[in-house]
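Open the model in your viewer and keep the selection panel at hand. Each stop below says what to pick and what is there.

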Amino acid sequence: MSLFIKNIILFCIVFLLFGEVITRVCYATSDIPSRVIDENKIQKYNPNQTGYWVGGTHSWQINEDGWPGQLPKSKNNLITIIGDSYVENFMNPDSCRQSVLLQTMMPDFNFYEASRSGVSFIEAMEIASKLDTLKPIHQLIYVHDGDFTESSALLRKMSDITQYNSKTNTIVPGKLNSPGIKKILYNWKFIYYLYSNYPLKKKVPNPTKPKVSHSNKNSLNEKQINEIHKLISFTNDHYNKENITFVFRPKPNKKIISILKDFNFNFFILIDNNEKEWSFDHDPHWTCVGHEEAATQISKNLEQFYNNNQF
């Protein structure tokens, strides 16, 4: 019996080692950079990391400031780019990065990216506030409707995302959930592959659940509108908004836009003319085509801003 158990244990060890080698050689999973919370209570990545996207088609890098991509060569005429996973852009090569594309289109300016998956609207404002020390002439914050609802701790409490609590009128910094377990998963590639592709619990679709139309997804109830109004009011009172422009993905919620107008925030709405597909077939994130289309529209509006001092 003991020999049988030893053979089973030996088989499991060999199986795990063989699986680990195959997973790494074939890039069966994406490398995931580790995170850290800095002295300003902002989640970013541990500096100077590199890795490969699934399939090994391209690599990513984390610069010495803890953000994806390369740092600008100069801080003169600096424009910052702040956002979530859409700006983070791990699924595309660095040549499709917003800072790279905008730098090519606007060579008289320099662009600094600060992005991370899960950045909420209020955390983006916190990041912008800290980046003011770089003396940027403009700050672009890429947002969508969900960034505003996720910023409210009263609408949906999310411990790993920085949120605003309207009852206490305070910012609640996000925390790193299970950093030890995640470190093991991200470093043990084969286990992470099994975890990602063969979860213990599978979601069972509910055939009786009605399909939600795009218009319903873009709607907000009264409670959400009230909380977003409080959030934007808090932002108006506690942050410098003079050099900030919010860049919205196409077709944002009209209520959110209306509230921003009431508080005189600058914003720009990207237009999807449906001539080119912006996103992956299997994923809503932008492809290189989407990034180029976004950068083209943004560069034109930035040029108009600096020529006419208005959007």
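Is asparagine 48 buried or exposed? Select asparagine 48: the residue is exposed, with a relative accessible area of 59%. Keep in mind throughout that this is a predicted model.

**Stop 1: two asparagines in loops**

Stay on asparagine 48. Its loop runs between β2 (43-45) and β3 (50-52). Check the backbone: phi is positive, about 60 degrees, although asparagine 48 is not a glycine.

Now select asparagine 169. This residue is in the loop between β8 (163-165) and β9 (170-172). Here too phi is positive, about 55 degrees, and asparagine 169 is not a glycine. Asparagine 169 is partly exposed, with a relative accessible area of 40%.

**Stop 2: proline 68**

Go to the loop between β4 (59-61) and β5, and pick proline 68. Its relative accessible area is 1%, so proline 68 counts as buried, the cut-off being under 20%. What does proline 68 touch, leaving aside residues up to four places away in sequence? Show Tyr45, Gln61, Ile62, Asn63, Glu88, Phe90, Arg97, Glu113 and Ser115. Draw a C-alpha to C-alpha distance from proline 68 to arginine 97: the value is 9.5 Å, with their positions 29 residues apart in sequence.

**Stop 3: the open sheet**

Select the five strands of the open sheet, in the order β6-β5-β7-β10-β11. Their pairing is parallel. Which strands stand at the edges? They are β6 (110-115) and β11 (266-269). Each has a single partner strand, so one side of each is left without a neighbour in the sheet. Look along the sheet for its twist: neighbouring strands are turned by 25 degrees against each other on average, direction ignored.

Zoom in on β7 (residues 138-143) and β10 (residues 244-248). The two run parallel and are joined by five bridges. Within this pair, tyrosine 142 stands opposite valine 247 in β10.

Now add α11. This helix packs on the sheet and touches β5 (78-83), β6, β7, β10 and β11. The direction of α11 makes about 145 degrees with that of β7.

**Stop 4: α3 against α11**

Two packed helices are described by the angle between their axes and the distance between the axes. Keep α11 (residues 288-308) on screen and add α3 (residues 98-105). Their axes come within 9 Å and cross at roughly 50 degrees. That angle makes α3 oblique to α11. The crossing is right-handed.

Show side chains at the contact. From α3, pick Gln98, Leu101, Leu102 and Met105. From α11, pick His291, Glu292, Ala294, Ala295, Thr296, Ile298, Ser299 and Glu303. Colour by class: the contact of α3 with α11 has six nonpolar, four polar and two charged residues.

**Stop 5: α4 against α9**

Finish with α4 (residues 121-131) and α9 (residues 222-238). How do their axes cross, and within what distance do they come? The angle is roughly 5 degrees, and the axes come within 11 Å. That makes α4 roughly parallel to α9.

Select Phe121, Ile122 and Met125 in α4, then Leu231, Phe234 and Thr235 in α9: these residues meet. By class, this contact of α4 with α9 has five nonpolar, one polar and no charged residues.

Notes. Residues numbered from 1 in each chain as written. Predicted model: local features only at pLDDT ≥ 70, side-chain atom pairs only at ≥ 80, totals over all residues. Heavy atoms only, no water. Axes fitted to C-alpha atoms, helices over the stretch in contact; angles between N-to-C directions. Helix = DSSP H or I, 4+ residues; strand = E, 2+ residues; numbered from the N terminus. Parallel < 35°, antiparallel > 145°, perpendicular 65-115°, else oblique. Left-handed = near helix turned anticlockwise from the far one by under 90°. Contact = heavy atoms within 4.5 Å. Nonpolar A, V, L, I, M, F, W, Y, C, P; charged D, E, K, R; others polar. Pairing = 2+ DSSP bridges. Buried < 20%, exposed > 50% of the residue type's maximum accessible area, 1.4 Å probe, protein only.
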